[in-house]
Amino acid sequence: MANRTWELVLLGGASGVGKSVAAARIAGATGAFVVEFDDVVAALQELTTAAQHPALHHFDGPGAPEQPEEAWPPGRVLELQIATAEALEPAVLGVVRNRLTVPVPAVIEGDYLTPAACARAVALGRATGRDVRAVFLHEGDADRITANYAEREPASGPQTGRAEVGARYSHWLAQQARRHALPVVDCRPWSTLADRLDAALADTPAAGLSTNAPTGASAEGPSGQTSV
């Protein structure tokens with residue numbers, strides 16, 4: 001990634017697929033810094049109430065359980081997650097516009113970056129003569145995401161419901177990204193993810209950029225360890 005030409009990268013994907021690790025690697029290799037869109041989401045939720053902006057409070061409003069992913073059917077959680085992400089699209093574009101006023105490369109990463117918002121961000125960059133790229137990580141195997149959560153958050157115990165929602169959301173993001181002609185990079189094999197992300201950001205075709213997540217019995221997790 002020594003020949004970086006982009007000024008801003010949007011890195012999307014479901015929770016638990018390794019976005020934070022990938023974003024940190026991209027930033028470390030290019031001198032960019034990371035903007036975690038989850039911080040923006042948290043700020044917006046802190047500034048609003050369920051009555052003022054219900055679309056931002058599906059998971060913490062009145063009547064919401066402490067762990068919606070474990071209490072509600074996956075389909076319902078997925079529907080509300082997509083609704084939340086779509087409600088946040090103006091905020092994504094606001095962050096992008098602000099970043100384009102600063103001559104410092106950055107990587108914006110987060111669960112709530114929708115392909116539609118990222119496509120608009122790329123178009124905004126093109127219209128203003130700025131190089132904005134977007135790429136989505138994809139992991140469609142709920143068991144793999146469960147293992148990732150167990151490694152990242154061992155004190156939380158099994159999070160199978162959350163992982164099932166994550167896998168479904170990842171499939172939705174991948175489908176939407178392809179509709180908007182944005183690259184989709186499979187998380188596995190983890191050992192080659194860095195090279196495949198580099199290829200996607202360089203607009204260079206590479207194997208595995210837009211295929212369904214592999215479903216073999218062995219797969220590598222974000223730490224590089226193998227889970228069987």
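How much area does the protein expose, and what share of it do carbon and sulfur atoms supply? The protein exposes about 10600 Å², and carbon and sulfur atoms supply 53% of that area. Please keep in mind as you look around that this is a predicted model. The protein has 228 residues, 47% of which count as buried. Its secondary structure consists of nine helices and seven strands. Among contacts with a separation of 6 or more, 74% join residues 24 or more positions apart.

Let's go inside next. The largest nonpolar core has 58 residues, and the members that touch the most others are Leu-10, Phe-37, Leu-137, Tyr-169 and Leu-197. Helix α8, residues 160–179, gives this core its largest share, with seven residues.

Helix α8 deserves a slower look. With 20 residues at 1.5 Å each, α8 should span 28 Å, and its end C-alpha atoms are 29 Å apart, which agrees. Its buried residues include Gly-161, Ala-163, Val-165, Tyr-169, Trp-172 and Leu-173. The elements that cover the buried residues of α8 include α3, α4, α6 (115–127), β4, α7 (142–152) and β5. Gln-175 also has its place in α8, but Gln-175 counts as partly exposed because its relative accessibility is 48%, between the limits of 20% and 50%. The C-alpha atom of Gln-175 is separated by 9.1 Å from that of Pro-115, although these two residues are 60 apart along the chain. After α8 comes Ala-181, which has a positive phi, near 60°.

Tyr-169 is a good residue to centre your view on. Beyond its neighbours within four places in sequence, Tyr-169 is in contact with Ala-14, Leu-78, Gln-81, Ile-82, Ala-85, Asp-111 and Tyr-112.

Which aromatic pairs does a search of the whole structure find? The search finds two. One is formed by Phe-59 and Trp-72, a tilted pair with 6.5 Å from centre to centre and 40° between the planes. Phe-59 sits in the loop between α2 (37–47) and α3 (68–71), and Trp-72 in the loop between α3 and α4 (74–87), so this pair ties together parts that are 13 residues apart in sequence. Phe-59 is partly exposed, because its relative accessible area is 23%, whereas Trp-72, at 13% relative accessibility, counts as buried. The other pair brings us back to α8: Tyr-169 and Trp-172 are stacked, with 6.0 Å between the centres and 10° between the planes. Because they are three residues apart in helix α8, about one helical turn separates Tyr-169 from Trp-172. Both Tyr-169 and Trp-172 are buried.

Tryptophan rings also meet arginine here. Arg-76 lies over the face of Trp-72, at 4.0 Å from the ring centre. Similarly, Arg-4 lies over the face of Trp-6, at 5.3 Å from the ring centre.

A last stop is helix α9, residues 193–201. This helix is mostly covered, with seven of its nine residues buried. Those residues are Leu-193, Arg-196, Leu-197, Asp-198, Ala-199, Ala-200 and Leu-201. They pack against β1 (8–12), α1 (19–30), β4 (132–138) and β5 (184–186). Leu-197 is also one of the core members that touch the most others.

Technical notes. Residues are numbered from 1 along each chain as its sequence is written. This is a predicted model: local features need pLDDT of at least 70, side-chain atom pairs count only at pLDDT 80 or more; totals for chains, interfaces and linings use all residues. Side-chain values use heavy atoms; hydrogens and water are left out. A nonpolar core is a set of buried Ala, Val, Leu, Ile, Met, Phe, Trp, Tyr and Cys residues joined through side-chain atoms within 4.5 Å. Buried means under 20% relative accessible area, exposed over 50%, partly exposed in between (1.4 Å probe, protein chains only). Helices (H or I, at least four residues) and strands (E, at least two) are DSSP runs, numbered from the N terminus. Contact means heavy atoms within 4.5 Å. Rings of Phe, Tyr and Trp (its six-membered ring) pair if their centres lie within 6.5 Å; planes under 30 degrees apart count as stacked, over 60 as edge-to-face and the rest as tilted. A charge sits over a ring if NZ of Lys or CZ of Arg is within 6 Å of the ring centre and within 35 degrees of the ring normal. Accessible areas come from the Shrake-Rupley method with a 1.4 Å probe; for residues, only the protein chains shown count as cover. The expected span of a helix is 1.5 Å times one less than its number of residues.
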